[in-house]
There are 2 protein chains.
Amino acid sequence: MATDLLERVRKSLQEFLSGKGLRRTPQREAIIEAAFGTDDHFNAEDLLKRAQEIDRSVSRATVYRTLPLLVESGLLREIELGTGTKVYDPNFIDRPTHNHLICVDCNKIIEFEDTNMELLENCITRRLGFSPASKMIKIEGHCDELKRQGSCEHLRTREAQEGTRG
Amino acid sequence: MATDLLERVRKSLQEFLSGKGLRRTPQREAIIEAAFGTDDHFNAEDLLKRAQEIDRSVSRATVYRTLPLLVESGLLREIELGTGTKVYDPNFIDRPTHNHLICVDCNKIIEFEDTNMELLENCITRRLGFSPASKMIKIEGHCDELKRQGSCEHLRTREAQEGTRG
DNA sequence: ATTTCTGCAAACGATTTGCACAGGG
DNA sequence: CCCTGTGCAAATCGTTTGCAGAAAT
């Protein structure tokens, strides 16, 4: 499934690039492969690391220069999670209207869609004299899993990773 | 009305400060006066400028050190508008659950509340196994005023200000 | 008197940019 | 061949911090 997605992304990006007179390069290839290879959110540094695992020659500057292209092309979305760094979400290709529910305690992120909310937003927007363009909802809460059990899978995974990273 | 608000803020902040063993200083006074003197959103630099108009001695460092206190005390809220800098909203004291509707074209910001949306959010959150904590909704759209008339009041005000600032 | 606060300027971390060379079309 | 893309390192921008003196309580 991820491979299939990657194919669609490649095609779509290729159209975007050639439409703008821009070029396909191995570095950009590596970067999109890294960006759409998983459905995790990531920041520039994460992406650099992943892209370099695919192609050693990818530099930080190229990552920073490629990210805006991916956003402009509509393949990637910049989401505001309130962490210090810009975070990118590769999942808007499949679910263009999804929202984020975040656990304040373990930082688990759940993506969800809701038709009622879509509808309500549209109504509100029009009622206030606007034509809807895009919307973003971020809900913070406490996940039951953690509250009930004192720990949760996400938290453990996170802690394990922190240990690895140093 | 703004004066009344300012009084409430002072009192509330005073309680917060003394509760933490922190002190009331002229600089902090100037900063809260600047922060709650209007209902505009602002960033650190805006606030510095406004605070210095009240008390020349206010420094950038003090502004940056005071902002987190105001946020922690619940008087001020950091909102994510996707501009490069952190933006603060002084209007959550009066309307603790309000949301933002932003015009993509003129950057006008409309604050709104909606009980249905509140309710819906709560339902969704619980359904997904979370206890609600806080939420933030940002809707982007095109304002009719600008679309219909080719210009709008907000845009003109903005342009006038840009000219002033340099 | 004892802390907390302050301004200053240096440090910081994420992101951007100028440059000279590399390499796609 | 022309023009865009690249890596590198320096620059930038918002924000944070160490320090020595100032000032609340």
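Which residue forms a salt bridge with Glu80(A), and how far apart are the closest N and O atoms? I looked: Lys138(B) is the partner, with those atoms 3.1 Å apart. For a salt bridge I took a side-chain nitrogen of Lys or Arg within 4 Å of a carboxyl oxygen of Asp or Glu.

Ground rules before going on. This is a predicted model, where local features need pLDDT of at least 70 and side-chain atom pairs count only at pLDDT 80 or more, while totals for chains, interfaces and linings use all residues. Residues are numbered from 1 along each chain as its sequence is written, chains are lettered from A and ligands numbered from 1 in the order in which they are written, and side-chain values use heavy atoms, with hydrogens and water left out.

**Chain B against chain A**

I find 4 salt bridges across this interface. I also get 14 residue pairs in polar contact, both residues at pLDDT 80 or more. (A polar contact is a pair of N or O atoms within 3.5 Å; within protein, one must be able to donate a hydrogen and the other to accept it, and residues adjacent in sequence count only if both atoms are side-chain atoms.) On the chain B side, E5(B) gives the most, 14 residues. By class, that side has 18 nonpolar, 8 polar and 10 charged residues. (Nonpolar is Ala, Val, Leu, Ile, Met, Phe, Trp, Tyr, Cys and Pro; charged is Asp, Glu, Lys and Arg; the others, Gly among them, are polar.)

Next I checked what E5(B) pairs with. Strand E5 of chain A (residues 130–143) runs antiparallel to E5(B), joined by 13 bridges. One detail I noted: Lys135(A) has Ile139(B) as its bridge partner. (Strands are DSSP runs of E, at least two residues, and helices runs of H or I, at least four, numbered from the N terminus; two strands pair if DSSP finds at least two bridges between them.)

**DNA strand C**

Which residues come nearest to DNA strand C? I count 20 around the strand, and Arg23(A), Tyr64(A), Ser57(B), Ser59(B) and Thr62(B) come nearest. (Near means a heavy atom within 4 Å.) Sugar and phosphate make up 62% of the strand's atoms within 4 Å of the protein.

Then the individual polar contacts. The Tyr64(A) side chain has an N or O atom 2.5 Å from a phosphate oxygen, and a polar backbone atom of Lys86(A) is 3.1 Å from a phosphate oxygen. Arg65(B) goes to a base: a side-chain N or O atom is 2.9 Å from a base nitrogen.

H4(A) supplies the largest share of this surface, 4 residues. I tallied 6 nonpolar, 6 polar and 8 charged residues there.
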